[in-house]
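Trainee: Please take me through one part of this model at close range. Start with a single strand and work outward to the contacts around the rest of the chain. Give me the cut-offs as you go.

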Amino acid sequence: MAKDLLNRYVWLVDTIRRHGRITRRELNDCWRRSRFSDGDTTLPRRTFYNYRQAIEDLFDINIICDQSTFEYYIADEDAHNESVTEWLLNAAATNDVLSSSRDISQKIFLEDVPSAREHLATAINALKSSSPLRFDYHPYTRSTPTPAIVIEPYFLKIFRQRWYLTGRVVAEKRIKTYALDRISSLVILPEHFTPDPSFDPEAYSRDSFGIIFSLGEVKNIVIRTDTRQAKYFRALPLHHSQQEMIHDEFSDFHYRLRITDDFVAEILSYGPRVTVMEPPELRAIIRDRLSNSLANYS
């Protein structure tokens, strides 16, 4: 029943969003045609009220009634909250579709996100309560773990199917990022901390490609692609700052980014399909990496 309720919440939000503004009569028509109605011609008023309250609690989405027209609509959200809401709704909708497709599960292949299954809920609870976390960390660069790290969590980010936690390491008094799937013995400590009011997670991560949040200078980056690769970049931009200049035989994509190892690795993954045009230091880095790779085959 809980799963079915979640699917009903997703249906209601999706229906109102698609219409923009919708009356109760129009909503009842949509309800009657949905798979949730069980033959009922209307969505009961009490049920509708309960769904609205649950949606606000779960997704932080407010369904507002315009008293002048008696139309319902979704309250405006800032860009970041809207992206989080979209992610939650997409995840819920995907779960609904996959749950009803178990008879063909051998024909559906998914990417595993082990960190979400084991530690994500604990990290989110710590963020909600402003409580420090303590854990052991097993980086790939060391044979033994770093024990008993205490961190004041600031934000979570998912990147390449892995969850990362960023926060202030108490002992070092500096901000660091940790992969949840390299954490063990994770516990929430009983005390609470006061988040730094000057720290803005959006600003801190805005000019980074992935999860390497360096304090280096932000660069104007230009990447040239052929017309075919340009279609992929249009459909799935590398970064929110992406701007395209279209030419007859190629496209130039412009970004405002810090040059980090994960961004360099991303560029290298496209091989000859892309060429860094600017800045010179990024061209030099790419050239050196390619030369070193070629040397492995000499």
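Mentor: What follows starts at one strand, then moves to the core, the rings and the charges.

This is a predicted model, so local features need pLDDT of at least 70, side-chain atom pairs count only at pLDDT 80 or more, and totals for chains, interfaces and linings use all residues. Residues are numbered from 1 along each chain as its sequence is written, and side-chain values use heavy atoms, with hydrogens and water left out.

The strand is β9, residues 218-226. Helices and strands here are DSSP runs, numbered from the N terminus (H or I with at least four residues for a helix, E with at least two for a strand). Strands pair if DSSP finds at least two bridges between them. β9 has an antiparallel partner in β11, residues 250-258, and nine bridges join the two. In that pairing, Val218 is matched with Arg258 of β11. β9 also pairs with β12, residues 274-278, again antiparallel, over four bridges. There, Ile223 has Val276 of β12 as its bridge partner. In a regular strand, side chains alternate between the two faces of the sheet.

Now take Ile223 itself. Contact means heavy atoms within 4.5 Å. Leaving out neighbours within four places in sequence, Ile223 touches Leu238, Ser251, Asp252, Phe253, Tyr255, Phe263, Ile267, Val274 and Thr275.

Next, Glu278, which is found in β12. Its C-alpha atom is 7.2 Å from that of Ile223, although the two are 55 residues apart along the chain. With neighbours within four places left aside, Glu278 is in contact with Asn220, Ile221 and Val222. Glu278 is partly exposed, at 42% relative accessible area. The classes are buried (under 20% relative accessible area), exposed (over 50%) and partly exposed in between, with a 1.4 Å probe and protein chains only.

Beyond the end of β11 comes Thr260, in the loop between β11 and α9 (261-269). Thr260 is buried, with a relative accessible area of 4%. Not counting residues up to four places away in sequence, Thr260 touches Ile212 and Ser214.

Step back to the core. A nonpolar core is a set of buried Ala, Val, Leu, Ile, Met, Phe, Trp, Tyr and Cys residues, joined through side-chain atoms within 4.5 Å. The largest one has 41 residues. Ile223 is among those with the most contacts inside it, along with Phe135, Tyr178, Leu238, Tyr255, Phe263 and Ile267. Strand β5 (residues 146-159) gives the most to this core, with five residues. A second, separate core has 21 residues, including Ile16, Leu27, Phe48 and Phe59.

Now the rings. Rings of Phe, Tyr and Trp (its six-membered ring) pair if their centres lie within 6.5 Å; planes under 30 degrees apart are stacked, over 60 edge-to-face, the rest tilted. The count comes to 16 aromatic pairs. Tyr137 and Tyr178 form an edge-to-face pair, 4.7 Å centre to centre with 80 degrees between the planes. Tyr137 lies in β4 (residues 133-137) and Tyr178 in β7 (residues 174-179), so this pair ties together parts that are 41 residues apart in sequence. Both are buried. Phe155 and Phe199 are stacked, at 6.4 Å and 15 degrees. Phe155 sits in β5, and Phe199 in the loop between β8 (183-188) and α7 (201-205), 44 residues apart. Phe155 is buried at 10% relative accessible area. Phe199 is buried too, at 17%. These two belong to one aromatic cluster with Tyr154, Tyr204 and Phe213.

Charges meet rings as well. A charge sits over a ring if NZ of Lys or CZ of Arg is within 6 Å of the ring centre and within 35 degrees of the ring normal. The charged end of Arg224 sits over Phe250, 4.0 Å from the ring centre. Arg182 lies over the face of Tyr140, at 4.1 Å.

Last, salt bridges: a side-chain nitrogen of Lys or Arg within 4 Å of a carboxyl oxygen of Asp or Glu. The structure holds 14. In one of them, Arg18 meets Asp14, with the closest N and O atoms 3.1 Å apart. Both are in helix α1 (residues 2-19), and because they are four residues apart there, about one helical turn separates them. Arg18 is exposed at 55%, whereas Asp14 is partly exposed at 38%. Arg21, Asp66 and Glu71 are linked in a salt-bridge network.
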